[in-house]
Amino acid sequence: MKVTEHFTNAGENTLVSFEVLPPLKGGSMQAIFNTLDALMEFKPPFIDVTYHREEFIYNKRPSGYYEKTAIRKRPGTVGICAAIMHRYKVDAVPHLICGGFSVEETENALIDLNFLGINNVLALRGDARQFEDKFIPEADGHKFALDLVKQISGMNVGKYLDAEIVNGEPTDFCIGVAGYPEKHFESPNWATDLQYTKQKVDAGGDYIVTQMFFDNKVYFDYVDRCRAAGINVPIVPGLKPLTRKYQLASIPRKFFVNMPDDLVNAVLLAKDDAAVRQIGIDWCTAQSLELKKAGVPCIHYYTMGDTGTSKAIAERVV
Ligand code: FAD
């Protein structure tokens, strides 16, 4: 079923969904199953699986020179989605990124998804590679998520890259796109950021999932701004609980989000890791309950491999 159909069927109820990362190469699928086995009691109608671009590693050769090699450290998104659907009978939402893909590889990946019966996808640009200061697309790849959304929408009406394919089988993807309540860090200002988000929706984006935020006001204001800009699709809040003191610096650095004073001060005064984690759980639970009360269609939790924390929150929210 499509993600948006789940929202419709839920009516006034707020759903919960979880996002998992593929294990590092060499790791076991069991790690994903262990995570999801613990979270299925909360009846998530869909599970997102992230996609990770290749990274460069440098190996020292006997000559002393370093050899640059591109490796994908967390492959397996499509296989994991198929395995999740098979094992849990819930929908899976693979993230598909522009980075590292030519448009033809993207088309082929979408054909694989279609043949596997996976008809949801979160269409993203992806971040810059590690050690690169800006996003560099493939020479024949998409530069922005908008172009990826257009390609998927095209396939939904039977349009393939090969112009000779005339009566192409239409796919039926429900397309999610990313939104940034605190503005995407590369956008020069709010208005531009919203304008690009609107373009993704107008091109076929069926719903938005937001970047994490720690202050619900930021989300509510964002929804108001989107509605004023004519963006009328469901906007799913994405939440990540803070669990470690060092995240006071690492989360803003990586995700370009702010943290409210009360949260920061509480974490700074916490006496140990367990106390920080509890503060993070309580904070995220309070955010979730307020969002639920406000009638959001779904709360999307970034688990980032930390099952216990997600479970502790969901137990108090669902
Ligand atoms: P875009 O919508 O393309 O926007 C990127 C930037 O370009 C923005 O600043 C935008 O304003 C600007 N822009 C857009 N269109 C134009 C245009 N026509 N002209 C000029 N500028 C333009 N990353 C991963 O690698 N894997 C994942 O699995 C993943 N999952 C994510 C899930 C969610 C819910 C979110 C919010 C993010 C996720 N990301 C993931 C991170 C995401 O890839 C980065 O935030 C990335 O920097 C931007 O992606 P986007 O799809 O928002 O890009």
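**Salt bridges and the ligand shell**

Arg87 has a relative accessibility of 40%, so it counts as partly exposed. What we have here is a predicted model, and I will start with the salt bridges.

Arg87 shares one with Asp37, where the side chains meet at 3.2 Å, N to O. Asp37 sits in helix H2, residues 30-39, and Arg87 in helix H3, residues 77-88, so this pair ties together parts that are 50 residues apart in sequence. Asp37 is also partly exposed, at 39% relative accessible area.

How many salt bridges does the structure hold? There are 16.

Another one pairs Asp282 with Arg316, with 3.0 Å between the closest N and O atoms. Here Asp282 belongs to helix H10, residues 273-293, and Arg316 to helix H11, residues 307-317, so the bridge ties together parts 34 residues apart in sequence. Both ends are partly exposed: Asp282 has 33% relative accessibility, and Arg316 has 44%.

Arg129 and Glu132 meet at 2.8 Å, N to O. Arg129 counts as buried because its relative accessibility is 11%, and the cut-off for buried is under 20%. Glu132 is partly exposed at 22%. These two residues also belong to a network of salt bridges, together with Arg53, Glu54, Arg72 and Glu138.

Now the ligand. Which residues come nearest to it? Of the 22 around it, they are Tyr51, Tyr180, His184, Ser187 and Lys200. By type, the shell divides into 11 nonpolar, six polar and five charged residues. Strands E5 (91-97), E6 (120-124) and E8 (207-212), along with helix H6 (190-202), each supply at least two residues of the shell. The largest share, three residues, comes from H6.

For polar atoms, a ligand nitrogen is 2.7 Å from a polar backbone atom of Tyr51. A ligand oxygen lies 2.9 Å from a polar backbone atom of Ala145. With Tyr180 the partner is an N or O atom of the side chain, 2.7 Å from an oxygen of the ligand. The ligand taken alone exposes 980 Å², and the protein buries 86% of that.

Next, Thr50. This residue is in the loop between strand E2 (46-49) and strand E3 (55-60). Is Thr50 buried or exposed? At 8% relative accessibility, it counts as buried. Its side chain makes a polar contact of 2.7 Å with the side chain of His52.

Last, the surface. Tyr58, Tyr66 and Phe131 form a nonpolar patch there, with about 420 Å² of accessible area together. Tyr66 is part of strand E4, residues 66-71, and counts as exposed because its relative accessibility is 53%.

Note on methods. Residues numbered from 1 in each chain as written. Predicted model: local features only at pLDDT ≥ 70, side-chain atom pairs only at ≥ 80, totals over all residues. Heavy atoms only, no water. Near = heavy atom within 4 Å. Polar contact = N/O pair within 3.5 Å; in protein donor to acceptor, adjacent residues only side chain to side chain. Areas by Shrake-Rupley, 256 points an atom, 1.4 Å probe, with all protein chains shown as cover. Helix = DSSP H or I, 4+ residues; strand = E, 2+ residues; numbered from the N terminus. Nonpolar A, V, L, I, M, F, W, Y, C, P; charged D, E, K, R; others polar. Patch = residues over 30% accessible without salt bridge, like charges linked within 9 Å, V, L, I, M, F, W, Y side chains within 5 Å. Salt bridge = Lys/Arg side-chain N within 4 Å of Asp/Glu carboxyl O. Buried < 20%, exposed > 50% of the residue type's maximum accessible area, 1.4 Å probe, protein only.
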